[in-house]
Amino acid sequence: MNRSDAPMPPALVSPLQRLRAASNRLTTRSASPVLLAGLAGLVALFLAVPVVYIFLRAVGADAEAWQRLLQVRLWKLLGNTLLLMLAVTGGALVIGASMAWLTERSDLPGRKYFRWMFALPLAIPAYIGGIVHLALLRPRGGMLPRLLENLLGQPVYTPSPLGFWGAAFILILFTFPYVYLLSGAAFRSQHASLEEAARMLGYRPLRTFFSVTLPAMRPGLLAGALLVALDILAEYGTVALLRYETFSSAIFVQLSGRYDRSAAAVLSGVLVGLAVIILWAELHSQGQARFTQMESSWRPAPIVRLGKWRIPALLVAAGVTFTSLLVPVGVLTTWSIQAVLDPETLRSVLHSGSMGFSNFAWNSLWTSFLAALLAITLSVPVALFSVRHPSRVSRLIARVCQVGYAIPGVVIALSLVLLVNRALPFLYATPLIVVIAYVLRHVPQAVRASEAALNQVSATLEEAARVSGRTAVQTFVQVTFPLILPGLLAGGALVFLTSLKELPATLLLRPAGFDTLAVRVWVWANDGFYIQAAPAALLLVLISAVPLSFLLRREQIFK
Amino acid sequence: MSLYRLTSLLFILVLLLTACTPASPVTPEVPTAAATLPDSTDVPTDVAATETVDQPISGKLVIYSGRSEPLIQPVIDAFKAEHPEVEVLLKAGSNSEIANALIEEQANTQADLFITTELFTVQSLSQQGIFQPYRPAAADLLPPEFIDPNNNWIGLTLRARVIMYNTDLVAPEDLPTSIFDLTDPKWKGKIAAAGSTNGSMQAQIAAMRQLLGEEETEAWLQGLLDNEVTFFGGHTDVRKAVGAGEFALGLVNHYYYHLQLAEGSKVGVIYPDQGDGQLGLITNATAVAVVKGAQNVPAAQAFVDFLVSEQGQKIFAEQNYEYPLLPGVPLREGVQPLESFRLAEVNIAEAALDSDATFDLMEKLELP
């Protein structure tokens, strides 16, 4: 969305803009951002390592590898990947934002519970959801077609979860919570006076929504859409499972094939290039608009009465929850019970791999937690620098910090294997390298969240603190940090959850005998032992739910 | 801790140095015998003792396995029962994914052992100098064609490429007798197979390329694609889909048929291409290799000894329905002996050299 086609009431925009411009002048003059710039630069450098490696490998690939790929495959993969990315991002935006509006701004019955229901699919890796839906809907052999055939006595056509539509369906179901959480927070924190002003100017509710409410949410929506789009670029498990070929799955095929990585490097190079284009487009669409709020006069926007739309809205919300949460959890629970009741399956669940069940649950927990902590810490200087000191350099640094997320986990893992093996061999094959991969891959989420949080805090508050004699550090600790904390925690929750679900990098980097829940689920599911995989998958969901609830409560959306 | 690291480093250094010295290819004790570190208690470097299996072994044993965990776990459990003081750490993944890890880790070796699903990978890695030679005492009992001439790898079990079918969906008179029947339009959309990332499928294509040439192999693969064969990531999906009646036929390794049968499905098996002028049954072996630079060579060698021992081979035969390479180990009941079939003969070393061409072919045809 461009600024020009989203007209803001001029009376509203210009004071805000002038304010922003003034505060920017102030900050750049008063606080020297050299230290901050240095810190942010270091973070960007750290995150850029895998990208640089991939480009070196892609450029270093022999002409033959390029030629072979350029002939047909590259274009087909490009088309496939872009199509899926657009479909899933669009779908996730529509579902995520509308569900957020329903729970935050309407009188949807049971919206307190729906908030949880819409956030919880975050705890389910898309490929696990894919496995469940595939088991249910698979043409001919699926549970649903068979049930219908038994009931009606003849084969019944059911939509296949395979291919493009299946992959899009599954990925929308399990990525929309990104958009939901970010736009939910934006809806919640929106200033009542914004819409009131529009209404006073004579705007009807619908027009107010599209020309004031929605544009003011743009940072949140864009953050969500960007996360989803990049997630799809890097997605492997689901597309492989549902047999829809994208760049990531093609790279995986290349890696599981020949021992020459140049083709995989070429594909990765193109993939990273694609991500850079998306980020560039996003940078431009963001334009000059900034939306700040004054803490002193903040009031929540009023709730909209749904009236006769209550029941349809409830049905839609229930449908989303049913397919994205109740079906996967229900099926996993059923399978888990089956696994527990069968002594032989239970034995193999409890004593599998080199270690026991509790061992890999603990591994999942501590690696993801450490990754979340590191990612938030690293994101703060980058976000501060890019939001409070906007310039070419700071924007570049912020963009560099985003690119890592678009590199498939498998490629990050490979670059780490090579680099760490040579530069820091003692670090290799320790759980720490898994944590580093999580951080490299998920810092962008933390940066996004920190930026969004900082964008919502007026710089004038910090100015006031500086004017009253506090140092830059004191200002951050006493003023900025408490205000952005909910946003940081939301980012931390995202990093924790995505790390918990992370699969390809963990598989490649884990030391022998070091398993996580996600790895166990994958190993079993990959061998077709869905019932055995179910308890670990269910535990993954339950573990995720605990910190998720803690973090969301602190963020005040879910009280 | 720093002493430990120092000794490890010293050990690796010595190993690296010995790796550089020209060693006679057949006698395994030459390259390892030089690595005698004095007074090192943490790192088991007493390699002179490795020739005798009864020497107590301990420490961590890191196994990288291209075989999926359920197929390798039983033998690990049995080994642990014999050597409780050894901590076995397993990393299982796809064959080539693990192979790539081994190549990357050459300078910083993590694994002690590599177990693989087919010989081409292990042969190709052996040519790249990833392994160190070891010849267990039992090696003399194994068929010599399943031992690397330089003792870099040792074959463990044999598997046959067969066609399994759902007995509800295929009438006995309609049964295919050759893998070339799979391109018959009457099976259109009714066949499942493993895709291009699967080691056994890769090996089958490599074998066919050698036996039939590029053109005929390409025509066969194209025939499968034209026949809308569904390619899964692995054979477990294939066997379950055939067992559930989603597909009439499945191209698998023979033990997947037995595993599916054991789950109570109505499935049958065909050992294809037995007629005159036909290809013969395509087989491939699993193998094990000791990684060069392994930290725990004594335990690794003891594990290899265990794998080719009667006890280890029995586990593969009993639990996995595989063909043990050690003569005299009985097959699991119901498994048809390989002697009753005509086998296709493949030169493994040659096929390994041609592996790039195999990948080129799969890529050219866009095999999923």
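At what angle do helix α17 (residues 357-388) of chain A and α24(A) pack, and how far apart are their axes? Before selecting them, note that this is a predicted model, in which local features need pLDDT of at least 70 and side-chain atom pairs count only at pLDDT 80 or more, while totals for chains, interfaces and linings use all residues. Residues are numbered from 1 along each chain as its sequence is written, and chains are lettered from A in the order in which they are written.

Select α17(A) and α24(A), helices being DSSP runs of H or I with at least four residues, numbered from the N terminus. They pack at an angle of about 125°, with their axes 7 Å apart, the axes being lines fitted to C-alpha atoms over the stretch in contact and the angles running from 0 to 180 degrees between N-to-C directions. That makes α17(A) oblique to α24(A), a term for angles outside the ranges under 35 degrees (roughly parallel), over 145 (roughly antiparallel) and 65 to 115 (roughly perpendicular). Show next A:Phe360, A:Ala361 and A:Ser364 of α17(A) with A:Leu517, A:Ala518 and A:Arg520 of α24(A), which make the contact (C-beta atoms, placed from the backbone, within 7 Å).

Now turn to the chain interface, where 28 residues of chain A are in contact with 39 residues of chain B. On the side of chain A, the elements giving two or more residues are α13 (247-255), α19 (409-423), α23 (504-509) and α24 (517-526), and the largest share, four residues, comes from α19(A).

Finally, colour chain B by domain 1 (2-158 + 284-335) and domain 2 (160-283 + 340-364), bounds that come from an automatic or database domain assignment. Here 19 residues of domain 1 are in contact with 14 residues of domain 2, and α5(B) gives the most to the domain 1 side, with six residues.

Note on methods
Contact = placed C-beta atoms within 7 Å.
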